[in-house]
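Trainee: Could you take me through one part of this model slowly? I'd like a close look at a single place where two chains meet.

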Amino acid sequence: MTAQPMTFDDGEAVRDLRLQLRRMIDEDLPAGFHGAFVSGRAGQEVADRFCRRLAEENLLTMSWPREFGGADASIWEQTALREEMWAHHEPRGAQYMGLNWVGPSIMRFGTPAQREAHLAAIANGDSVWCQGFSEPEAGSDLASLRLRAERTGEGEWRLSGQKIWTSYAGLAQWCFLTARTDSSGSKHHGITVFLVPMDREGVTVREIDSMLGPHHLNEVFFDEVVATEAEILGELDHGWDVIRYVLAHERIGIARYARSERILSLLADRLPGDDRPEADALRAAHARLLVKARTARLMNYRAIASSTTAEIPGGVSGARLATTLLDQEVAALALEVLGEEGLYDDDLAPLAAWIEEAWRYARSATIASGTSEVQRLLIARAMIAEASR
Amino acid sequence: MNREWPADALAFEESVTAALRARGGIELTRACEADPSRRQSELGPLVASLGFGDFDFRDGEVEAAAAALGAKAAGRVVAPWPLVAQLAAPGAPIYLVAAAPRRAPHLDLVAGAIAVDLVDGSCRRLEATGPVERMPLDPFGVPCRLGEEVECPVDAVTGHIVIEAFWVLGAIETAVGLASAYSVERSQFDRPISSFGAVQWRLADLSGARSSLAELAAYTLSRLVDGTATMADAWALRLTMIESAEQVLADSHQVLGAIGLCEEHDVTVIDRHLQGTLRRPFGRAATNAALAERVAAEGFDLLYPVEPRAASAA
């Protein structure tokens, strides 16, 4: 039999990249940094500095093609970058959206003028974007969106309606906005994507207090906001193609499992070592989640690899479901292990008060970017399609 | 990172699948349960002709992949042959035990079997003391006793656990396929049951359980091949194997309804025939405890590894 090795080793270049990133994180992130969300504008300033450092080291846009100023990094280098960032509270702050899917969407669907206007700014860490998808009446069912765009003259549109659950809206300079431009056909037709500056007259942001912390959730109101033809991304009425492209990037773009792995690793030192039944139970629960974390990562790797080779039915959704359920189980176990101390967010709290934030944030894991119900539906549909062939 | 199986190993899997299908697939398993002598007369020659005895999983990645995928193909029809015991230690089939076992599956078919005691680490001869005694959840159990102490075979325990996981993976892939096919064929309230959200939920969980085991089994096999697999890795895989199988079997039955409980339905055969594998040498709770103990002793490799407890305390 001939040799044709299967290996899960991601190679020397990826190992070196991880070491470089961990060194930068150690050097540049202040103790107790829990991300731009948690620390508000001060956190975003840390993120801005970190992004400039990444840009200096040619790491900020490493996933982008060279023709757009990137480094054509391999999918496994990109994966390592996402993992290290997410495991350390996403120190790119709001920039991760611009890098992960706004930039690539503009490369894929944008005009030369849009590419020139936006890509360099994203690459330099100079512009923060928010995602204007969800609406009060259209949560998981994105295509039911109602925010209207009406043509008012040659090359001009007026936007009216409301978006909700918009992360970073208060910090963003630009909105990647979906609007209804035609209601006469199917609901997936007649959607158009606009790239709208957040300081335009008629745009109002209202922060929503939530258990997740500041800047996570916002409402954004559009009151007769003027947009131009030049601000349309992709084809008029064919925005659903853009949305599908974005969602595929977004669902796989967040390496939540890396954060779970880091928490589990830190928790290991805090497990009780005695032979009380409850101590045995905690050690067993911790060990079981180590396995689930490893498995969730492998499922993500499978989904990532399948995007470059043969597709697997429901692969991305399966990986995301495993990852988000893990996120919640790890957060629950962490509170269980730390007990009352895990509830506190002061200077004396264990693990720099990370756990109480991780637990609050984990509540959103199975809701944000496609609920676990939607992921299960997508997996089931792929299975049904396969079984029906 | 290369996650593709070696072509030769995939070809071997295909040849095993085709050969078993040609002999009736799960129908042959039913026949062997009714008349255990058909294992010797039909399966024995088939296993020999397929060449299972020609390679050793310790001889490199292609051989290891062939052993794993061959076991998976046999698992698809829960082929009643001690294939895992033989593949884990060619020449001296091994049985993993936690104490002196009362019965061991298919022990009447092999010579020179060794029982590896996972509690004290000792290895002893395992001898049959009677013929197969058919029971619903242990259809090929053979009464047995421990004999003299012998040398333990190299890497056999981790090898056994990994290859067995592939055997179980094959079995649950069949169950998942049967459940999803039935969900589109079966109509209730004038529509296929696959159109009901509750059924779709179960289909998604079936898929997740299957994928979890498939990914972890491939990963653990690669660690076995490159010599980095620990007992913590092996117990991690076994725990996933048990949890995935229990979920798939329960959800498959639920999708199939009453028909899935009938002996004529393949899911029933798979379910009954897997129970011994899921409980020998011990079940979910004890496997989890063994995993926790090995993690404390050896650590666990992740992006942020867990250090051995003694080392981290030092």
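How many residues of chain B are in contact with chain A, and how many residues of chain A do they touch?

Mentor: Sure, but some housekeeping before the numbers. This is a predicted model, so to speak of local features we need pLDDT of at least 70, side-chain atom pairs count only at pLDDT 80 or more, and totals for chains, interfaces and linings use all residues. Residues are numbered from 1 along each chain as its sequence is written, while chains are lettered from A and ligands numbered from 1 in the order in which they are written.

Now the part you asked about. On the chain B side, 46 residues are in contact with 44 residues of chain A; contact here means that the C-beta atoms of two residues, placed from the backbone, lie within 7 Å. The elements of chain B that each give two or more residues to that side are helix 1 (7-22), helix 4 (61-75), helix 6 (156-185), helix 7 (197-226), helix 8 (231-256) and helix 10 (284-298). Helices are DSSP runs of H or I with at least four residues, strands are E runs of at least two, and both are numbered from the N terminus. Helix 7 of chain B gives the most, with 12 residues. Sorted by class, this side of chain B has 26 nonpolar, 14 polar and six charged residues. For that count, Ala, Val, Leu, Ile, Met, Phe, Trp, Tyr, Cys and Pro are nonpolar, Asp, Glu, Lys and Arg are charged, and the others, Gly among them, are polar.

Next, the core. The largest nonpolar core has 212 residues, and those with the most contacts inside it are A:Ala172, B:Ile163 and B:Ala217. Such a core is a set of buried Ala, Val, Leu, Ile, Met, Phe, Trp, Tyr and Cys residues joined through C-beta atoms within 7 Å. Helix 6 of chain B gives the most to this core, with 16 residues. Leaving out residues up to four places away in sequence, B:Ala217 touches B:Val162, B:Ala165, B:Phe166, B:Leu169 and B:Leu237.

Finally, step back to chain B as a whole. Chain B has 11 helices and seven strands. Its radius of gyration is 20 Å, close to the 20 Å that the globule rule gives for 314 residues, so chain B is as compact as a globular protein of that length; the radius is taken over C-alpha atoms, and the rule is 2.2 Å times the number of residues to the power 0.38. Of those 314 residues, 53% count as buried, meaning that 20 or more other C-beta atoms, placed from the backbone, lie within 10 Å of a residue's own.

Methods. Buried ≥ 20, exposed ≤ 12 C-beta atoms within 10 Å, placed from the backbone.
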